Amino acid sequence: MKILIIHGQSHEGSTCMVARELARKVGGELREFFLPRDFSKPCLGCFTCFQTSLHNCPHYAELEPLVAAILEADLLILESPVYVYHATGSMMNFLDHFGTWWVVHRPLADMSRKQAVAISTAAGGGMKATIRDMADSLEMWGVRRVYTLGFGVQAASPAGIPKRILRRIHTGTDRLAHRIRRGAGRRGFNLRARKWFSLMRLAHKHLPPAEPDYGYWEANGWHGKGRPWRD
């Protein structure tokens, strides 16, 4: 299995530790990117990707290695510590570049073959909102199954995590790694993505065509019987 971890920060703290532990237990070929070290450009809101293609994004030269790694991976792991009850600005800057991948625009059929995990830790709270920041994109990309892991570690670094919490982390990663291995090779969009796909397909039938999204769906046969999770 090809595993990609995109770290929402450039230091290797508790959230990084959990992500790597999970990847090790799943097993396979691992690649990692650290934000903002490996990509630091904020979305300009120029609308170029929506009007033309992501390939025309002003930041695409820097973004392309991460795009290629995402498309190649079988398992995507996005991780971020809690920063003011949300994902890091670096993670959000990165995800902002992929609006055209959302199922309501120009989803990629390859996402139906992938699994993903959104991971967050904090000394206190805020994991739920931080995980949702990342899971929203993973789900709306159409990833077949999106899992979540969140831990309040009560420490500022892995060395300070209490043993009882470490046991919960180890148990949680054990169980999730088993589920991920069991789900390998399956295909389909998650339920949320399927719902939005159906709504947009209906909108395309009754509203004036919005290009280039409409033409993309038409070329893929999705206005007929074709579906991105069956292509």
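With which handedness does helix 1 pass helix 6, right-handed or left-handed? To find out, start with these two helices in the model above, and keep in mind that the model is predicted. Helix 1 covers residues 14–26 and helix 6 covers residues 163–182. Helix 1 passes helix 6 in a right-handed crossing.

A packed pair of helices is described by the angle between the axes and the distance between them. Here the axes come within 9 Å and cross at roughly 40°. Helix 1 and helix 6 are therefore oblique to each other.

Now look at the side chains where the two helices meet. Helix 1 brings M17, V18, E21, L22, K25 and V26 to the contact. Across from them, helix 6 offers L166, I169, H170, T173, D174, L176, A177, I180 and R181. Sorted by class, this contact has 9 nonpolar, 2 polar and 4 charged residues.

Next, let us turn to the spaces enclosed by the protein. The count comes to 1 cavity of 30 Å³ or more, and the largest cavity holds about 70 Å³ of space. You can locate its lining by picking out K2, I3, L4, E29, R31, A69, E72 and A73. Strand 1 (2–7), strand 2 (29–34) and helix 3 (60–72) are the elements that each give two or more residues to this lining. Strand 1 supplies the largest share, 3 residues. The lining of the largest cavity has 4 nonpolar and 4 charged residues, with no polar ones.

From the cavity, move on to the pockets. The largest pocket has a volume of about 220 Å³. Its lining takes in T52, S53, L54, H55, Y60, V67, L71, T100, W101, R106, L108 and Y216. Helix 3, which we have just met at the cavity, gives the largest share of this pocket lining, 3 residues. By class, the lining of the largest pocket divides into 7 nonpolar, 4 polar and 1 charged residues.

One more pocket is worth a visit while you have the structure open. The second largest pocket has a volume of about 170 Å³. Which residues of its lining are the closest to its centre? Of the 15 residues that line the second largest pocket, they are C43, G45, F47, C49 and D96. The lining as a whole divides into 9 nonpolar, 5 polar and 1 charged residues.

Definitions and conventions:
Residues are numbered from 1 along each chain as its sequence is written. This is a predicted model: local features need pLDDT of at least 70, side-chain atom pairs count only at pLDDT 80 or more; totals for chains, interfaces and linings use all residues. Side-chain values use heavy atoms; hydrogens and water are left out. Axes are lines fitted to C-alpha atoms, for helices over the stretch in contact, and angles run from 0 to 180 degrees between N-to-C directions. Helices (H or I, at least four residues) and strands (E, at least two) are DSSP runs, numbered from the N terminus. Angles under 35 degrees count as roughly parallel, over 145 as roughly antiparallel, 65 to 115 as roughly perpendicular and the rest as oblique. A crossing is left-handed if the near helix is turned anticlockwise from the far one by less than a right angle, and right-handed if clockwise. Contact means heavy atoms within 4.5 Å. Ala, Val, Leu, Ile, Met, Phe, Trp, Tyr, Cys and Pro count as nonpolar, Asp, Glu, Lys and Arg as charged, and the others, Gly among them, as polar. On a 1 Å grid over the protein atoms alone, a cavity is a set of points where a 1.4 Å probe fits but cannot get out, and a pocket is an open set with protein on both sides within 12 Å along at least five of seven lines; lining residues have an atom within 4 Å of a point. Grid points are joined across faces, edges and corners, and a volume is the space filled by probe spheres set on the points.
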